[in-house]
Amino acid sequence: MKYQIKITKTSQSNIENIDFDHLPFGKFYSDHMFVADYIDGHWTNLEIKPIALIPTHPGNMAWHYGQSIFEGMKASRDEEGHPLLFRPDMHAKRINASARRMCMPEIPEDLFLEAIHSLVRMEKAWIPPQSGSALYIRPFMYATDETIGVKPSDTYRFIIFVMPVGPYYSKPVKLLAQDTYVRAVVGGVGEAKAAGNYAASLLPAAMAKNEGYDQVMWLDGVHKKFIQEVGTMNIFFVIGDEVLTPNLDGAILAGITRDSIITLLKDRGIKITERLITIGEVMEAGEKGTLKEVFGAGTAAVVAPVCEIKHGHQIVKIDPDSFKISKMIYETINGLRNSTVEDTHGWIVPA
Ligand code: COI
């Protein structure tokens, strides 16, 4: 342990009030959180303490100018109940990539990892044993200067809390391809896990909901024809015997689940191509019957089968019961997470 983390335990755990067999996503919090402050150029005041409100001045720069970034990770347990993390080093790297883009300080990777390990070990009773459930880990960082004026904050807070969660989607998702609003353009902040990216997605998502669709399929901001990602996930298509996913063009979030799926497909000799994919070719494949599977991929959702895509007046429906590749990938990732599938890439790290 390189860092000194002050630990204050709760006197009253809330765990008895949680029904681990019926876990919605994102509603229940564990007992403790990790907190650190960035002051005078370094991280200090490292502490794990009972989860509580974080009183904030109305002039806090994060409210006004949006310096706020986050990660989403998961912890699981093996069959003996030992806590496991999935690719935590990748999340440490990604939060720092987001920090650089948003002009925020980086978090030393060893500090990020030590904080995650310490908190997850302390909260290991909160890791649901049920298959498909997990302990969702939410590290985030925001500006804390109390100053009005557009400039980078000098001070920041880094917090991690954890939540026992069930599946993000309980059924296959329906996607509406959006060609009025865009999520991100190359050179913008689409690659960063910035809070504002999610705020910008809410209006188009609400419009999609009104039409009976679960998520937006984002198209590129220039031509409005190249598929980028969907709602809160990266996207994969199986056309014929090839799996396709949009290449990381600088506007798409570099998903860690996306990266894992590409590796797992290559391991299994399945052809996977990262390239520009047009909405037109996907809809055409849907009409011709060569579109075999469509699935979203993300930490929260893991692998989410898609049953319908609408673009303009064209609708394509596919039957997730016939999906083979996405089912195999979902089972492999879940198996890795509970150590029933051999981890040949060193992705699973004891907490
Ligand atoms: C994740 O997949 O972890 C995300 O951050 C998406 C969020 C909407 C839950």
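This passage describes how the two domains of a predicted model meet, which residues surround its ligand, and where salt bridges occur. Because the model is predicted, local features need pLDDT of at least 70 and side-chain atom pairs count only at pLDDT 80 or more, while totals for chains, interfaces and linings use all residues. Residues are numbered from 1 along each chain as its sequence is written, and side-chain values use heavy atoms, with hydrogens and water left out.

The protein chain is assigned two domains, domain 1 (6-165) and domain 2 (173-337), with bounds that come from an automatic or database domain assignment. Taken over C-alpha atoms, the centres of the two domains are 27 Å apart. Their contact (heavy atoms within 4.5 Å) draws on 22 residues from domain 1 and 21 residues from domain 2.

The size of an interface is often given as the accessible area lost when the parts come together. Here the buried area, which is the accessible area (1.4 Å probe) that two parts lose on being put together, summed over both, is about 1800 Å², with 61% of it on carbon and sulfur atoms. On the side of domain 1, the residues that lose the most area to domain 2 are F70, F86 and R94, together 34% of what that side buries.

Side chains of opposite charge can pair when their charged atoms come close. Between the domains there is one salt bridge, a term for a side-chain nitrogen of Lys or Arg within 4 Å of a carboxyl oxygen of Asp or Glu. The side chains of R87 and D259 form a salt bridge with an N to O distance of 2.8 Å. Twelve residue pairs, both at pLDDT 80 or more, are in polar contact across the interface; such a contact is a pair of N or O atoms within 3.5 Å, and within protein one must be able to donate a hydrogen and the other to accept it, while residues adjacent in sequence count only if both atoms are side-chain atoms.

Turning to the ligand, the residues around it (a heavy atom within 4 Å) are F70, G72, Y136, R138, Y168, K193, T232, T299 and A300. A polar side-chain atom of K193 is 2.8 Å from a ligand oxygen atom. Backbone atoms take part too: a polar one of T299 lies 3.4 Å from an oxygen atom of the ligand, and an N or O atom of the A300 backbone lies 2.9 Å from a ligand oxygen atom.
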